[in-house]
Amino acid sequence: MPGSSVSIVEVDKYFGDFHVLKNINLEIKENEFFSLLGPSGCGKTTLLRIIAGLEDVDDGDVLLDDKSIIHLPPNKRPVNTIFQNYALFPHLTVYENIAFPLRLKKLSENEIKEKVDWLLSLTRLEEHAKKKPNQLSGGQKQRVSLARALANEPKVLLLDEPVSALDAKLRQELLIELDNLHDKVGITFIYVTHDQSEALSVSDHVAVMNNGVVVQYGTPYEIYESPADTFVATFIGESNLMKGTVKDLISENYVLVEFPTLGEIVCFKDKPVNIGDDILITLRPEKIRISHLKPQLSSDSYTNVVHGVVDETIYMGYQTKYFVRTDDGYILKVYKQHASYLLDEKIIQWKDEVYMYWNPDDSFIVEVERVD
Ligand code: ATP
């Protein structure tokens with residue numbers, strides 16, 4: 001099933017006086033798994049409904065394969081939507097739910113059977129074909145709604161928080177299935193979620209939205225490793241955000257930053273800055289190494305080393321989260337994977353004195369306050 005590209009061009013949308021979408025521009029490539037990610041109320045469902053034709057725009061256009069679809073009613077658009085609440089017909093069997101759109105198209109009984117059987121096997125529902133929706137688990141119900149949506153052979157599948165009604169383990173399972181299904185059917189998926197781990201794990205590209213604006217577009221790697229601003233840095237994953245002042249420009253790529261609560265730290269200069277600028281730095285907790293021993297570094301190393309005392313530990317099974325109070329009173333979050341315990345002489349515990357160290361490439365600038 002070939003998919004379509006989708007272009008969102010300068011889309012504005014108001015609900016009364018409320019400007020819910022502000023000049024949205026997005027290019028979604030054909031056959032990709034694309035996610036709209038943002039906190040509740042940022043406008044992602046409204047954008048999805050505009051693509052589906054369930055909401056009008058106040059300005060701008062929506063193109064499918066470079067042709068405007070803005071004047072087409074929902075049933076004339078080659079898109080299908082999967083909702084959080086499944087929207088299945090309770091009185092019909094799984095088989096008949098999936099067959100429903102095919103019967104509307106007046107396909108022959110043979111054609112319907114061939115297609116439904118294929119969709120049942122694609123979504124691994126063969127043994128449930130005769131059941132009614134109330135005899136299925138949440139994950140199975142969502143697979144039926146996926147199969148029914150795919151029966152229409154859409155060019156774009158819109159998925160509005162499709163796994164959010166399931167418990168954590170089922171969410172993970174269905175997400176993997178969705179990813180596999182996307183590989184098999186090959187059409188364009190546009191996935192709406194407020195859950196960053198969902199978006200990062202399955203998407204080719206992600207658009208992060210906040211307050212009706214796309215604040216960053218990129219691959220999951222780009223979004224996580226190089227957040228565009230403080231909002232993205234804190235919304236995606238966890239971060240140590242630290243405010244400091246540029247003290248020296250060490251080289252083309254590195255600056256020395258003075259932090260009132262951390263001392264002098266070398267940071268990656270990913271934005272133009274001058275000496276004296278106040279800047280905000282982000283540093284992911286899992287990028288920091290923690291040890292009882294002071295690291296032995298060569299004199300030309302830029303590696304940052306900070307001393308502190310463990311203030312709190314949270315054991316998570318696969319990792320431990322440490323909150324470490326530095327000598328100047330800053331609490332630094334440090335996450336340590338348990339496999340690395342093998343290398344350590346002793347498990348780090350509450351009240352232990354520790355050294356934390358990290359590569360300057362991992363502490364980079366997210367905001368600059370110019371002092372001109
Ligand atoms: P969620 O994850 O909670 O669904 P969202 O990012 O999908 O959030 P939208 O459903 O697009 O957000 O809603 C964006 C904003 O627009 C919200 O403040 C919501 O209250 C408002 N809104 C949505 N639909 C309407 C409507 N029909 N009339 C008025 N306001 C609306």
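Biologist: What makes up the accessible surface of the protein, and what share belongs to carbon and sulfur atoms?

Modeller: The protein has about 18000 Å² of accessible surface, and carbon and sulfur atoms account for 50% of that. Accessible areas here come from the Shrake-Rupley method with a 1.4 Å probe, and for residues only the protein chains shown count as cover. Please keep in mind that this is a predicted model, in which local features need pLDDT of at least 70 and side-chain atom pairs count only at pLDDT 80 or more, while totals for chains, interfaces and linings use all residues. Residues are numbered from 1 along each chain as its sequence is written, and side-chain values use heavy atoms, with hydrogens and water left out.

Biologist: Thanks! Which secondary structure elements does the protein have, and how are they assigned?

Modeller: The protein has eight helices and 20 strands. These are DSSP runs numbered from the N terminus: helices are H or I with at least four residues, and strands are E with at least two.

Biologist: Why is Val11 called buried or exposed?

Modeller: Buried means under 20% relative accessible area, exposed over 50%, and partly exposed in between (1.4 Å probe, protein chains only). Val11 has 0% relative accessibility, so Val11 counts as buried. The residue belongs to strand S1, residues 6-15. Across the protein, 49% of the 372 residues count as buried.

Biologist: Which residues does Val11 touch, and how do you know that they are in contact?

Modeller: Contact means heavy atoms within 4.5 Å. Leaving out residues up to four places away in sequence, Val11 touches ten positions' worth of company, among them Leu21, Ile24, Ile50, Val57 and Val62.

Biologist: What makes H1 enclosed?

Modeller: Seven of the nine residues of H1 are buried, so this helix is largely enclosed by the rest of the structure. The buried ones are Lys44, Thr46, Leu47, Leu48, Ile50, Ile51 and Ala52. After H1 comes Gly53, with a positive phi near 90 degrees.

Biologist: Which residues surround the ligand, and what makes a residue count as near?

Modeller: A residue is near a molecule if one of its heavy atoms lies within 4 Å of it. The surrounding residues include Phe15, Phe18, Val20, Gly41, Gly43 and Glu161. Strand S2 (18-28) and helix H1 (44-52) each supply at least two residues of this shell, and H1 gives the most, with three.

Biologist: How do you know that Cys42, Lys44 and Thr45 make polar contacts with the ligand?

Modeller: A polar contact is a pair of N or O atoms within 3.5 Å; within protein, one must be able to donate a hydrogen and the other to accept it, and residues adjacent in sequence count only if both atoms are side-chain atoms. A backbone N or O atom of Cys42 is 3.0 Å from a ligand oxygen, a side-chain N or O atom of Lys44 is 2.8 Å from one, and a polar side-chain atom of Thr45 is 2.6 Å from one. Taken alone, the ligand exposes 630 Å², and the protein buries 57% of that.

Biologist: Why is Asp277 called buried or exposed, and what does its side chain reach?

Modeller: Asp277 counts as buried because its relative accessibility is 0%. The residue sits in the loop between strand S13 (263-268) and strand S14 (278-283), and its side chain reaches the backbone nitrogen of Asn274 at 2.8 Å.

Biologist: And why is Val208 called buried or exposed?

Modeller: Val208, in strand S9 (residues 205-210), has 0% relative accessibility, so Val208 counts as buried. Leaving aside neighbours within four places in sequence, its contacts include Leu37, Val215, Ile223 and Phe235.
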